[in-house]
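Dear colleague,

I am handing over the structure we spoke about, and you will find the sequence and the model just below. My notes follow, and I would be glad if you read them with the model open.

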Amino acid sequence: MNLVSSPASSHPLARYGWDTRVADAFAPYEDEGLVPARVVRVDRGRCDAVTADGIVRASTAPVATDDPTRAVCTGDWAALSVGSEPDSTEPDSTEPDGAGPGIFRPGGPDGSVTGSPGGPRPAGAERAPEVRALLPRRTAFVRSTASNRSEGQVLAANVDVALIAVSLAAELELPRVERFVALAWTSGARPLIVLTKSDLVADPATVAQLAADAAESAPGVDVLTVSAARGEGLEALGAVLAGGTCVLLGQSGAGKSTLANALLGEDVQDVRTVRDSDGKGRHTTTTRDLLPLPEAAGGGVLIDTPGLRGVGLWDAEAGVGSTFSEIEALAEECRFHDCRHESEPDCAVLAAVDDGSLPQRRLESYRKLLRENARIAARTDARLRAEQKRRFKEMSAVGRHNAERKRGPRRKP
Ligand SMILES: Nc1nc2c(ncn2[C@@H]2O[C@H](COP(=O)(O)OP(=O)(O)OP(=O)(O)O)[C@@H](O)[C@H]2O)c(=O)[nH]1
Ligand SMILES: [Zn+2]
């Protein structure tokens, strides 16, 4: 079977988010004899990636780079060389023509171009799987690394929806919610606010009010209410996540693990564990950070990497702008193009605060996030920043369009 040209929905990797866009991006690599895979976990120099034939452990050495934003990360789509298989259903002779110089053929005489040691091998020999290329990312969650150079590190790639878990059992801290929303927009993923533990709030009117408050502080972002304890709201949430890739963000104690368990419908520890061969016939047991959601609930994929949950802003100016889109829209009306909305005459933002249509709290939160972001940006390599900005523009065009479409009338009557 030709896996790449079969319909995207029946592709063995459809469960892991394979779609026509990925198929198109992968097509050139198929001609090189590489196989598509999605990265489920990364270690130093290696990753676990799921292929049509299961999970393989692959070296990431061929795509190693100095730029940490280009390092292999969970959620990446990769083109793998997996070595020749003795009982392959697709012998070399049936492969498409046109394999020229530089084209990788498992076990072929041009093995030297693959960068792996060993050179030519007899047909049927095994070689360790390698990541040969990463497909372009649709979205990426980046955080600054601990190093002095303050570079970005990618925590998750190709995320469609960022679930922002907010506990209804604690006081609703809107600035925190805004911060996570900014982070989500910055990644290119669509934020989704999930108010958790609704069973702990007795009065439905209170829940509705809190949901309205959350919605008010996140223009264009949907707000769902769930109780993992009672299994309420999970179906609606599953429907939103269907087919896409999501991540869980939120404060400690917000209910992320509980929600992950409820969505996965099994013991997460079991789901996480991978026992598979590493391509050399050895069996290893590891965990994975990318987990398929049950197909009965609509499918999709959950990425839950340890570092992602509490990630900080990293060059999020545009994401902050999307989060406070009503302020950015007002700013267009200020007399001065570079108005700081502090004490300038004819400032439309301050006027909106005065007439009560813009909560003072929103303006303060906006300023605080911009300041936080500026501090990080000051430490960040200019080249990487430009790159991130470009990526944001590409990726979030759709998100912002949706936000604008949904935002509706900006000012209260
Ligand atoms: N009543 C109730 N309690 C819940 C619900 N969801 C989570 N909890 C409780 O809230 C607490 C925190 O939940 P976790 O799922 O561990 O929160 P978390 O966001 O994963 O926390 P960290 O791992 O620290 O990031 C636990 O005691 C859960 O049992 C719910 O729907 N209802
Ligand atoms: Zn102004």
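Two strands are taken to pair if DSSP finds at least two bridges between them. Please keep in mind throughout that this is a predicted model.

With that criterion, strand β8 (residues 161-167) pairs with strand β9 (residues 190-196) in the parallel sense, over 7 bridges. Within this pairing, the bridge partner of Ile164 is Ile193 in β9. Between the two strands the chain passes through helix α2 (residues 174-187), and the resulting β-α-β crossover from β8 to β9 is right-handed. Strand β8 also pairs in the parallel sense with strand β11 (residues 245-250), in this case over 5 bridges, and there Val161 stands opposite Cys246 of β11.

The surroundings of β8 fit into the same description, since the strand is mostly covered, with 7 of its 7 residues buried. Val161, Leu163, Ala165 and Ser167 point one way from β8, whereas Ala162, Ile164 and Val166 point the other way, and the residues of both sets are buried.

Two backbone angles deserve a look as you go through the loops. Most residues other than glycine have a negative phi. Asn158, however, which is found in the loop between β7 (152-157) and β8, has a positive phi near 60°. Is Asn158 buried or exposed? With 27 other C-beta atoms within 10 Å, Asn158 is buried, because a residue counts as buried if 20 or more such atoms lie within that distance. Lys197, placed in the loop between β9 and α3 (204-216), likewise has a positive phi near 60°, and Lys197 is buried as well, with 23 other C-beta atoms within 10 Å.

Finally, there is the ligand site. Which residues come nearest to ligand 1? Of the 17 residues around ligand 1, these are Ala229, Ser252, Lys256, Ser257 and Thr258. Helix α5 (residues 256-264) gives the most to the shell around the ligand, with 3 residues. Sorted by class, the shell around ligand 1 has 5 nonpolar, 8 polar and 4 charged residues.

When you open the model, it may be convenient to begin at β8, with its parallel partners β9 and β11, and then to turn to the shell around ligand 1, to which α5 gives the most.

With best regards

Notes
Residues are numbered from 1 along each chain as its sequence is written. Chains are lettered from A and ligands numbered from 1 in the order in which they are written. This is a predicted model: local features need pLDDT of at least 70, side-chain atom pairs count only at pLDDT 80 or more; totals for chains, interfaces and linings use all residues. A residue is buried if 20 or more other C-beta atoms lie within 10 Å of its own, exposed if 12 or fewer, and partly exposed in between; C-beta atoms are placed from the backbone. Helices (H or I, at least four residues) and strands (E, at least two) are DSSP runs, numbered from the N terminus. A crossover is right-handed if, with the strands pointing away from the viewer, the path from the first strand over the helix to the second runs clockwise. A residue is near a molecule or strand if its C-beta atom, placed from the backbone, lies within 6 Å of it. Ala, Val, Leu, Ile, Met, Phe, Trp, Tyr, Cys and Pro count as nonpolar, Asp, Glu, Lys and Arg as charged, and the others, Gly among them, as polar.
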